[in-house]
Amino acid sequence: MSTVEKQLDTLKAEITEEVPSDISISDVTYEGPELVIYTRDPKRFARNGDLIRTLAGKLRKRITVRPDPDVLSRPADAEEQIRSVIPEEAGVTDLDFHADTGEVVIEAQKPGMVIGRHGSTLREITQRVGWTPEVVRTPPIESSTVSNVRNFLKQERDERRDILERVGRQIHRKQLSNEEWVRISTLGCCREVGRASFILSTPETRILVDCGDKPGSDDVPYLQVPEALGSGANSLDAVVLTHAHLDHSALVPLLFKYGYDGPIYCTEPTRDLMGLLTLDYLDVAAKEGRTPPYQSEMVREAIKHTIPLEYGDVTDIAPDVKLTFHNAGHILGSAVSHFHIGDGLYNVAFSGDIHYKDTRLFNGAVNEFPRVETLVLESTYGGRNDYQTDQEDSERKLVEVINRIYDEGGKVLIPAFAVGRSQEIMLVIEEAMRTGKIPEMPVHLDGMIWEATAIHTTYPEYLRDDLRDRIFHEDENPFLSPQFNHIDGGEEERQEIADGDQCIILSTSGMVTGGPIMSWLEHVGPDPKSTMVFVGYQAQGTLGRRIQNGWDEIPINGYGGRANTLQLKLDVETVDGFSGHADRNGLMNFVRTMNPRPEKVLCVHGDEGSVQDLSSALYHEFNMRTFAPKNLETFRFK
């Protein structure tokens, strides 16, 4: 009998002793980080509302209770009972029964009403029918990504359960080493922006944090080194993804091409957005005649191996590592990743990308933790002069620019990241039109912006509180404003818009490195009455940075089969303050108000001057050890 099986037998005996005598425990198993308890008495279990909480506290594990399949009521009978329990205004759109696990997935427009106060409605459902309810939200805006991910995971339930059981045994395996140390190895994004990737390792465990590309470059993380995949992809115990932007996620599917078969931990919206962005990444590469680094099948493998976690859940991901995600305020689902290593041995937090203050979309980044000895901190705007304007001033300037261009009869072309900045700009424009600050005009959304917006409305619990409340009421959902037009007619529709009246165009890609923005430059670029407005960071080496720096003759290569040089006659404006990144003040304040304040800070993900400036400032102001590492450096702690 293996160590894990002995452990499960011991747990089963402890649980049996803890629960009332009229509740039978038929099996106990691991699925990923969760302990799953099967019982022939799910209704009795549900009547004791505190029992699961008591067991979780005693065993110090995340617990799910499921009924034995042979005690379940017929789905047709159960559906009738479930619908009688759930209030009609919850807007149930689908019930999907899975007899192998005893779960019923309830899709509803208002999941909170299905859950009930402190889970009361869920408990009543189990008390009546025995099935274990799981609740998901019906997207207010139809999302093909969310639908495809849910359907795919439904099709792959059997294989996914096998994966989760295998991962669970790996997490709860016996520790083999008596040594105690912690190391961080830098595989990318050091003294540069992009290709974020790190290895966090202990004598027992090896974890990859992020695996992104570098905008405007073919450089990739140093995955081939011994600390990473040099000794085989399955030497990794886990992958942790802080958020879905391609400079952090683009090459995660590549790991499966190399043979990785383990878990990916991220939030649920990050999982969906990773699928959306990486599939588009492959599509853009194919359109531009480049060989994609992996096939779409690898994206599906990544989704299948993803274990979503919610903010604040403390989760075992290895025998000696617990992971907790906290809101990073950067994009939907972005997470500051806190690792608790060993039995109080050491704590490391990776900021990912953060925004310190509240924005229209998100609450500001969380920086309170039980313990943190080392912080790995992004430094995109860490330079001594990297101060962004106040958001209210930025919005005022954007409104002024739009009004001026409208009066001149031109069009506003805004290159924007599909995820995050586009939705932020949409909210500013929607309010400005609603309150009469700018004239009503069409706002055309090109590329993945509409689909990314639909995903945002699927997960309003990750958005700022007041925005979440508006999305719950369809007549107040700002993303459903009639001004917004989803472009789905390709070149013909773009030409028609270019020949038409004043309008605003939001288009990917945000750094002008490919995608539909290249087509818009051809359509609108020669028009001196129009203006291109940059609202996000333009990395060195990107076409966006060159245009921002004054280039008015640019190469147009590969999009739609064309290859030529384009003369730009439109104006170019930059409106700071809409970035999803904290500026110099925000980064300093993030550390200043951090509780507890870390002993060491590694400044990463910034141009060379930015990381060195920030590292120096943190050292002088807070008297802490700071570093501006290069790629391929390793830091040992303890």
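The following exercises, each with a worked solution, concern a predicted model of one protein chain.

In this predicted model, local features need pLDDT of at least 70 and side-chain atom pairs count only at pLDDT 80 or more, while totals for chains, interfaces and linings use all residues. Residues are numbered from 1 along each chain as its sequence is written, and side-chain values use heavy atoms, with hydrogens and water left out.

**Exercise 1. The chain as a whole**

Task: Determine how many helices and strands the chain has, and how compact the chain is.

Solution.
Step 1. The protein chain has 22 helices and 28 strands; helices (H or I, at least four residues) and strands (E, at least two) are DSSP runs, numbered from the N terminus.
Step 2. The radius of gyration is 25 Å, close to the 26 Å that the globule rule gives for 638 residues, so the chain is as compact as a globular protein of that length. The radius is taken over C-alpha atoms, and the globule rule is 2.2 Å times the number of residues to the power 0.38.
Step 3. Along the principal axes, the C-alpha atoms fill a box of roughly 80 × 55 × 45 Å.
Step 4. Of the 638 residues, 58% count as buried. Buried means under 20% relative accessible area, exposed over 50%, and partly exposed in between (1.4 Å probe, protein chains only).
Step 5. Among contacts between residues at least 6 apart in sequence, 72% join residues at least 24 apart; contact means heavy atoms within 4.5 Å.

**Exercise 2. Strand β7 and its partners**

Task: State which strands pair with β7, and decide whether β7 is enclosed or open.

Solution.
Step 1. Strand β7 covers residues 182–188 and pairs with β28 in the antiparallel sense over 4 bridges. Two strands pair if DSSP finds at least two bridges between them.
Step 2. Within this pairing, Phe 635 of β28 is the bridge partner of Ile 184.
Step 3. Strand β8 (residues 197–201) also runs antiparallel to β7, and 5 bridges join these two strands. Here Ile 199 of β8 is the bridge partner of Ser 185.
Step 4. Because 6 of the 7 residues of β7 are buried, β7 is largely enclosed by the rest of the structure.
Step 5. Strand β28 (residues 634–637) has two faces: Phe 635 and Phe 637 form the covered one, and Thr 634 and Arg 636 the uncovered one.

**Exercise 3. Three residues and their surroundings**

Task: For Arg 173, Phe 97 and Ser 394, give the location and the contacts beyond four places in sequence.

Solution.
Step 1. Arg 173 lies in the loop between α8 (157–171) and β7. Its relative accessibility of 18% makes Arg 173 count as buried. Leaving out residues up to four places away in sequence, Arg 173 touches Val 4, Glu 204, Thr 205, Asp 237 and Pro 319.
Step 2. Phe 97 belongs to strand β4 (residues 92–98) and is buried, with a relative accessible area of 18%. Beyond its neighbours within four places in sequence, Phe 97 is in contact with Pro 75, Ala 78, Glu 79, Ile 82, Glu 103, Val 104 and Trp 131. Phe 97 and Thr 132 are 35 residues apart in sequence and 9.6 Å apart in space, C-alpha to C-alpha.
Step 3. Ser 394 is found in helix α14 (residues 391–407) and counts as buried at 1% relative accessibility. With residues up to four places away not counted, Ser 394 touches Thr 389, Val 575, Asp 576, Gly 577 and Phe 578.

**Exercise 4. Backbone features in loops**

Task: Describe the peptide bonds from Thr 508 to Ser 509 and from Asn 595 to Pro 596, and compare the burial of Val 512 with that of Asn 623.

Solution.
Step 1. The bond from Thr 508 to Ser 509 is cis, with omega near 5°, and Ser 509 lies in the loop between β21 (504–507) and α19 (516–524).
Step 2. The bond from Asn 595 to Pro 596 is cis as well, with omega near -5°; Pro 596 lies in the loop between α21 (584–592) and β26 (600–604).
Step 3. Val 512, in the loop between β21 and α19, has a positive phi of about 55° although it is not a glycine. Val 512 counts as buried at 1% relative accessibility.
Step 4. Asn 623, in the loop between α22 (608–622) and β27 (625–627), has a positive phi near 55° and is likewise not a glycine. Asn 623 counts as exposed at 67% relative accessibility, whereas Val 512 counts as buried.
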